[in-house]
Amino acid sequence: MKIEETFQKRLQARHDELRWLYMELYGNSDMFAELCDQMYRFAVERAPEFQKLDGQREKDPKWFRKNDMLGMMLYIDNFAENLQGVKKKLDYLESCNVNYIHLMPFLESPKGRSDGGYAVADFRKVQPELGTMDDLVELAKACHKKNISLCMDFVMNHTSEDHEWAKRAKQKDGEYMSRYFFYDNPSIPQQFDQTVPQVFPTTAPGNFTYLNDIGYYVMTSFYPYQWDLNYQNPRVFNEMMYNFLFLANQGMDIIRIDAVPYIWKQLGTQCRNLQQVHTIVRMMRIISEIVCPGVLLLGEVVMAPEKVVPYFGTVEKPECHMLYNVTTMATTWHSVATRDIRLLKKQMDIVNSLPKDYLFLNYLRCHDDIGWGLDYPTLQQWGMDEVEHKRYLNRYFTGNEEHSESRGELYNDDPVTRDARFCGTTASMCGVESALFERNDEKLEHAVTLDLMLHAYMFTQSGIPMLYSGDEIGQLNDYTYKKDEDKCVDSRYIHRGKFQWDLSEKRTKKGTSQERIFKGLAALEKIRRTHSVFDSSANVYTYDVKDNSVLGILRENEEERFIGLFNFADYDRTAWMEEPGEFTNLLTGESVKVKDVLIPGHDFLWLSKQKKGNKKAQ
């Protein structure tokens, strides 16, 4: 079937809902007609190999939900200098068992005012030092030959003040001023400030920036150089969808929508999670299903669980294909610092109770800081005060608490409230940095054990695991950012350091921390992709082992019963339990009786039993 016919078939199946949503939001039939015309143009311009992949994925809509999926996020320049360099390093990524690469922001943004690339000046141009759009297409095609999916960020809440629209708005061009939120006096900005929380109250206070040269206030929720887009204007929605489709046509498989909850602004609200946001995301899903159905939407929703789940939409009217499991990530580190898994268990029970169609990305670290957005009402029931507990966590992970081996730095430290978030690499948070500094082999062994335990726990969760580049070799904090005038004020760069290829060579040198972590992860990854019980279709539950330091996770399907036991205490604990029959330790191959199992400090067990009548090999 020709692409023209295929497009019309897809459009016909989804047209009525798309039009209804668009007209409900904008009431502009001319703009809707233009949108449909442009969707057709992008569909027919889509490269034949990407069209072919679309067709394959339409026939296998669960292609991304299988137990062989493993992601890695990386900065292009830190990892391999440029896009061509990443292409040359695909063999290395394959050796890491990675088949999903998230390229951190690479579109053109102004030096010194880029917010790590999230202040986009041109949605159709790559940062010159990283390459060109042609290089991106080449990388995508090379990835597809190796069955590797490529992900990128789509920053749709705002543009850089250097974007062409913003430049025209500065010239008081009304057409372009209407694409942002401009006010000629402080009255309405002050009304917004009464209900809208500040994103960065320390480093970028307020929600508006006054532009002295033109005498206007402009909404800037994040940083003064990032101007919020006005999605009440249908021209903004249409043009941003054209940018979205342009980027999809460069060969992207997954597009991460940045700061989703903030997209719609309305006076008298918190400008977070408004219903119109869901209308926009639903329309994006429909548009992508018509033009490029092989492309997935990944939503960045850094909110409490009850605020995150709605961004999946419903089973009948889905929105995002995947969401980040943000709260579980923060609670994981809380569990390390407190040796208490009760809150983690409670949150995992909530996630595990959701429909299996809801797919989370699980991770230990990402490019951002760790914010302590925990369930404090529950913690207070257990005697943990919110303010004091946050301070304890920050003391622990900066190594300023007794018995802590963690190393890192605070982010957005407020000297008045003493509230702060935290930054550091996984290995440094686990104690690898301090152990190597002290040349203490016993501490190093313990730190590596903790590192691998946390990764094993992440691999056991329901969803897709994501590694942060460098974690596969236990890369440490990079303090050189302090010497860079463009980065020194942002402690997040402590874990955004250059990938150390010299250290990666040690991953094959027996006995090094790099070899132990790399080899340990490889063993876990092999088990995960060869046992169907790790597929997203399996049933997943927490397993109560009567010890608040030991997390038990049960995974089960028709073939296999799997139990993971994870000791969050730094001393031996017993998992009080009894399971009939013999289990196999998946890492050693040994036969194990599962009764009152002793687990060394910060260690774990992966245990499996084939079900009766299933003759598959362990």
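These legends describe close-up views of one predicted model. Local features need pLDDT of at least 70, side-chain atom pairs count only at pLDDT 80 or more, and totals for chains, interfaces and linings use all residues. Residues are numbered from 1 along each chain as its sequence is written, and side-chain values use heavy atoms, with hydrogens and water left out.

**View A. Helix 11 packs with helix 12.** Helix 11 spans residues 234–248 and helix 12 residues 275–291 (helices are DSSP runs of H or I, at least four residues, numbered from the N terminus). Their axes lie 11 Å apart, at an angle of about 45° (axes are lines fitted to C-alpha atoms, for helices over the stretch in contact; angles run from 0 to 180 degrees between N-to-C directions). The two helices are therefore oblique to each other (angles under 35 degrees count as roughly parallel, over 145 as roughly antiparallel, 65 to 115 as roughly perpendicular, the rest as oblique).

**View B. Residues in the contact of helix 11 with helix 12.** Helix 11 contributes F237, M241, F244 and L245. Helix 12 contributes I280, M283, M284, I287, S288 and V291. Contact means heavy atoms within 4.5 Å.

**View C. An open sheet of six strands.** The order is 18-19-20-23-21-22, with antiparallel pairing (strands are DSSP runs of E, at least two residues; two strands pair if DSSP finds at least two bridges between them). Strand 18 (539–543) and strand 22 (591–599) stand at the edges; each has a single partner strand, so one side of each lacks a neighbour in the sheet. Neighbouring strands are turned by 20° against each other on average, direction ignored.

**View D. Strand 21 joins strand 23.** Two bridges link residues 573–585 to residues 604–610. N585 has L607 of strand 23 as its bridge partner.
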